[in-house]
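Student: Could you take me through one part of this model up close? I would like to look at how its helices pack against each other.

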Amino acid sequence: MIVEIVGGIMSGSLAIVTDAAHMMSDLAAYVISLCSMWLSGRQPTKKLSFGFHRAEIVGAVISVQIIWILSGVLIYEAVKRVIHRDYHIDADMMLIIAGIGVAVNIIVGIALRPPHGHGHSHGSSSQGHGHMHGGHQHKPENLNVRAAFIHVLGDLFFSVGVLIAAYIIKYKPDWSLADPICTFVFSVLVLITTITVMRDALHVLMEGTPRQLSFDAVKIDLLGLYGVKAVHNMHIWSLTTDKAALDVHLAIDPEIHSQDVLDAAVKLLVTKYRIYKTTVQVECYRNSMETCQRCQDPRV
């Protein structure tokens with residue numbers, strides 16, 4: 001990063017300085033990721049009864065904001081250089097620094113590549129609510145690692161682009177416009193690649209239904225349990241991108257044993273939908289539930 005900053009200034013290449021700035025933001029994003037991952041592993045407290053899982057999401061939002069602000073500044077500088085035709089570039093120095101940048105980004109990208117895992121947990125249920133305690137499991141995804149990986153991947157493409165621009169400028173000096181154009185194009189690409197990360201983070205912060213779950217499918221399966229006549233007041237929300245929580249009221253036939261229904265519901269939610277934080281309230285069915293406004297499903 002320091003080599004690129006010094007090399008970019010010495011070569012007069014805005015593209016090299018841009019690559020260095022993105023690497024600097026990579027470092028900041030990586031530190032934020034480590035801190036938020038450490039926080040998300042802490043045990044719940046009385047003030048934060050769901051734990052610190054959302055620290056992962058907050059860290060991802062901060063990381064993306066750093067990228068957006070930095071990219072905006074660099075795009076502005078690239079446009080200004082194009083307008084003023086300010087090109088004084090040492091192509092040989094640019095080639096050397098760009099090559100180093102490509103190598104470093106490949107190494108960091110391999111280190112940050114999101115793992116593919118699987119997991120399972122063991123647990124128990126109790127009257128009035130269901131819950132599962134994790135035995136051992138691997139997170140399928142961490143939004144911070146994903147954000148950092150996408151950031152590094154964008155930097156790798158940018159470093160390759162800078163290397164190509166350096167070759168163009170070396171052999172076609174009149175095409176020095178390739179330097180600011182490279183900065184502009186790849187900064188825009190980095191912005192585009194982070195939109196999905198920000199979208200997923202905002203979805204979690206808004207307590208949206210996890211994208212991998214269908215509200216209607218969960219309700220249909222609960223209605224299919226023996227003795228269940230109605231399902232209402234169901235809420236499914238995201239704690240993180242890979243952890244969901246659910247609460248629901250099950251109205252059952254008065255002749256059915258409530259504990260049997262509770263156990264079946266918790267088992268269904270855990271085994272089929274991987275929802276380990278559940279609150280299931282079992283109650284006797286009443287005809288008035290059909291017209292109760294509070295018992296209706298949320299809008300589509």
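Tutor: Happy to! Axes here are lines fitted to C-alpha atoms, for helices over the stretch in contact, and angles run from 0 to 180 degrees between N-to-C directions. Keep in mind that this is a predicted model.

Let's begin with helix α3 (residues 55–84) and helix α6 (residues 178–205), whose axes lie 9 Å apart and make an angle of about 155°. Angles over 145 degrees count as roughly antiparallel, so α3 is roughly antiparallel to α6. The crossing of α3 past α6 is left-handed. Sorted by class, the residues in this contact are 21 nonpolar, five polar and two charged.

Now turn to the pair formed by helix α7 (residues 215–223) and helix α8 (residues 258–273). Their axes come within 10 Å and cross at roughly 140°. Because of that angle, α7 counts as oblique to α8. Here the crossing is right-handed. On the α7 side, the contact is made by A217, V218, D221 and L222, and α8 brings A265, L268, L269, K272 and Y273 to it. By class, the contact of α7 with α8 has seven nonpolar residues, two charged and no polar ones.

One last check, away from the helix pairs, concerns the cysteines. With a cut-off of 2.5 Å between cysteine sulfur atoms, the count of disulfides is zero. Two cysteines are worth finding in your viewer: C35 is partly exposed, at 43% relative accessibility, and C284 is also partly exposed, with a relative accessible area of 44%.

Note on methods:
Residues numbered from 1 in each chain as written. Predicted model: local features only at pLDDT ≥ 70, side-chain atom pairs only at ≥ 80, totals over all residues. Heavy atoms only, no water. Helix = DSSP H or I, 4+ residues; strand = E, 2+ residues; numbered from the N terminus. Parallel < 35°, antiparallel > 145°, perpendicular 65-115°, else oblique. Left-handed = near helix turned anticlockwise from the far one by under 90°. Contact = heavy atoms within 4.5 Å. Nonpolar A, V, L, I, M, F, W, Y, C, P; charged D, E, K, R; others polar. Buried < 20%, exposed > 50% of the residue type's maximum accessible area, 1.4 Å probe, protein only.
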